[in-house]
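Here are a few notes to help you find your way around this one. Have a look at the model first, then read on.

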Amino acid sequence: GGGAAAAAAAAASSLAHHLGQTPSFGRVAAIAKWMKENPDKSAALSPDEVGAAIATISFSLDQAEAAKDIAAGMSKYGEGVTCEHVVQALRMCSSSVKYDIAKCMASFVSDLANEEAILGEFSSSYERGQIDRALNMR
């Protein structure tokens, strides 16, 4: 069987592999392009894959833009992001953009019943309140 070859081909077409082939300054655009070209894979990105993609972006302000692109793409091509996707993005991003990432991904969250997982990543009651509002503003 071609199981190993198929697995290698799948890995080679993964978002992580794509980002590994891209210079750091081009990764935000590369994420958006990959998602457009791979709608089925975009819809099925795991929380770990989302976190890993965010972690490859060195400039913190770009991390928020990438997080929003990922969340929007997952919503367009699938069910959207889960709270666990957001939590992994928050754990892998620069602390200076955590709040921005939570807010920009909030409107794409599909499992609001689990929002406490996201809110638990923040100690500030102000930030928790603002993110809770963003999650429930539909």
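1. Start with the surface. This is a predicted model, and the protein in it exposes about 7,000 Å². Carbon and sulfur atoms supply 55% of that exposed area.

2. Now the charges. You'll find 12 positive and 16 negative ones in the protein, and the mean positions of the two sets lie 4 Å apart.

3. On to the fold. Going from the N terminus, the elements read α-α-α-α-α-α-α-α-α-α; that's ten helices and zero strands. The radius of gyration comes out at 15 Å, close to the 14 Å that the globule rule gives for 138 residues, so the protein is as compact as a globular protein of that length. Along the principal axes, the C-alpha atoms fill a box of roughly 55 × 30 × 20 Å.

4. What about the inside? Of the 138 residues, 41% are buried. If you take the contacts with a separation of 6 or more, 66% of them are between residues 24 or more positions apart.

5. One helix to look at is α6, which covers residues 60-77. Its 18 residues reach 26 Å from the first C-alpha to the last, close to the 26 Å expected at 1.5 Å a residue.

6. Which residues of α6 are buried? They are Ser60, Gln63, Ala64, Ala66, Ala67, Ile70, Ala71, Gly73 and Met74. The cover over these buried residues includes α3 (27-37), α4 (39-43) and α5 (47-55), along with α7 (83-92) and α8 (98-106).

Note on methods. Residues numbered from 1 in each chain as written. Predicted model: local features only at pLDDT ≥ 70, side-chain atom pairs only at ≥ 80, totals over all residues. Heavy atoms only, no water. Helix = DSSP H or I, 4+ residues; strand = E, 2+ residues; numbered from the N terminus. Expected span 1.5 Å × (residues − 1). Buried < 20%, exposed > 50% of the residue type's maximum accessible area, 1.4 Å probe, protein only. Contact = heavy atoms within 4.5 Å. Rg over C-alpha atoms; globule rule 2.2 N^0.38 Å. Areas by Shrake-Rupley, 256 points an atom, 1.4 Å probe, with all protein chains shown as cover. Lys, Arg positive; Asp, Glu negative; His and termini not counted. Charge placed at Lys NZ, Arg CZ, Asp CG, Glu CD.
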